[in-house]
Amino acid sequence: MKKQSETQPIMNGADTWLDGDDLRWAARHWAVRISVKMPVVQVRRMRTKWASMSTNGRMTLNTDLLTLPKHLGEFVIIHELVHMLAPNHGKVFKSFMHAYLPDWQTREKNLRELEKQALKNQFKKPGN
Ligand SMILES: [Zn+2]
């Protein structure tokens, strides 16, 4: 099994998001790096998803991402952008993820762990 790097070379400064514009900036930055069409980025509250990408290039990011460490939000953003190259999570998708974010699997695991933790703490319980 391949060892995943723990380093986060693209991180600068503290590992936290400033605001929605910070998220939008990251999405645009990564769109350029991945060479996909610049998405129209919308930041709003979502109940069940961290983010979504529509076929017409509209990216919606959950405001809850602002509460995550930056490197995990970045993973979510890159995941959505790579969907512009590969619609499902098959081999092609994974090879793009490896190319652009070599430690993506570690980040995904950390994100799932945080979600579990949040569920335990009943963090994510909006209204209901
Ligand atoms: Zn996906």
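## A walk from the hairpin to the core

Start at the hairpin of β2 and β3: four residues sit between the strands, and Gly 57 there takes a positive phi near 80°. Keep in mind throughout that this is a predicted model.

**Select β2 and β3.** These strands pair in the antiparallel sense, over three bridges. Click on Ala 51 and you'll find it standing opposite Leu 61 in β3. Hang on to Leu 61, as we'll come back to that residue.

**Add β1.** Residues 40-44 make up this strand. β1 runs parallel to β3, and five bridges join the two. Two pairs to pick out: Val 40 stands opposite Arg 58 in β3, and Val 43 has Leu 61 as its bridge partner.

**Now show the whole sheet.** What order do the strands take? It's β1-β3-β2, an open sheet of three strands with mixed pairing. β1 and β2 are at the edges with a single partner strand each, so each has one side without a neighbour in the sheet. Ignoring direction, neighbouring strands are turned against each other by 15° on average.

**Bring in α1 (20-34).** This helix packs on the sheet, where it touches β1 and β3, and its direction makes about 150° with that of β1. If you like a sanity check, take the distance between its end C-alpha atoms: it is 21 Å, in agreement with the 21 Å that 15 residues should span at 1.5 Å a residue.

Next, colour α1 by burial. Leu 23, Ala 26, Ala 27, Trp 30 and Ala 31 are its buried residues. Look down the helix axis and you'll see why they line one face: the buried residues fall within an arc of 135°. Asp 21 and Val 32, on the other side, are exposed. And what do the buried residues pack against? β1, β3 and α2. Just past the end of the helix, stop at Ser 35, which follows α1 and has a positive phi, near 60°.

**Jump to α2 (residues 70-82).** The same sanity check works here: the 13 residues should span 18 Å at 1.5 Å a residue, and the end C-alpha atoms are 18 Å apart, which agrees. Is this helix mostly covered or mostly open? Mostly covered, with 11 of its 13 residues buried. The buried set includes charged names such as Lys 70, Glu 74 and Glu 80 along with Phe 75, Val 76 and Leu 81. To see what does the covering, switch on α1, β2, β3, α3 (91-100) and α4 (104-120), which are among the elements around those buried residues.

**Finish in the core.** Select Trp 30 and look for its contacts further along the chain: leaving out residues up to four places away in sequence, Trp 30 touches Ile 77, Ile 78 and Leu 81. Which members of the largest nonpolar core touch the most others? Out of 24 residues, they are Ala 27, Trp 30, Leu 61, Ile 77 and Ile 78. The elements giving two or more residues to this core are α1, β1, β2, β3, α2 and α3, and the largest share, six residues, comes from α2.

**Zoom out.** The full chain has four helices and three strands, and from the N terminus on they run α-β-β-β-α-α-α. Of the 128 residues, 27% count as buried. For contacts between residues at least 6 apart in sequence, 52% join residues at least 24 apart.

Methods. Residues are numbered from 1 along each chain as its sequence is written. This is a predicted model: local features need pLDDT of at least 70, side-chain atom pairs count only at pLDDT 80 or more; totals for chains, interfaces and linings use all residues. The expected span of a helix is 1.5 Å times one less than its number of residues. A residue is buried if 20 or more other C-beta atoms lie within 10 Å of its own, exposed if 12 or fewer, and partly exposed in between; C-beta atoms are placed from the backbone. Two residues are in contact if their C-beta atoms, placed from the backbone, lie within 7 Å. A nonpolar core is a set of buried Ala, Val, Leu, Ile, Met, Phe, Trp, Tyr and Cys residues joined through C-beta atoms within 7 Å. Two strands pair if DSSP finds at least two bridges between them. Axes are lines fitted to C-alpha atoms, for helices over the stretch in contact, and angles run from 0 to 180 degrees between N-to-C directions. The arc is that of the directions from the helix axis to the C-beta atoms.
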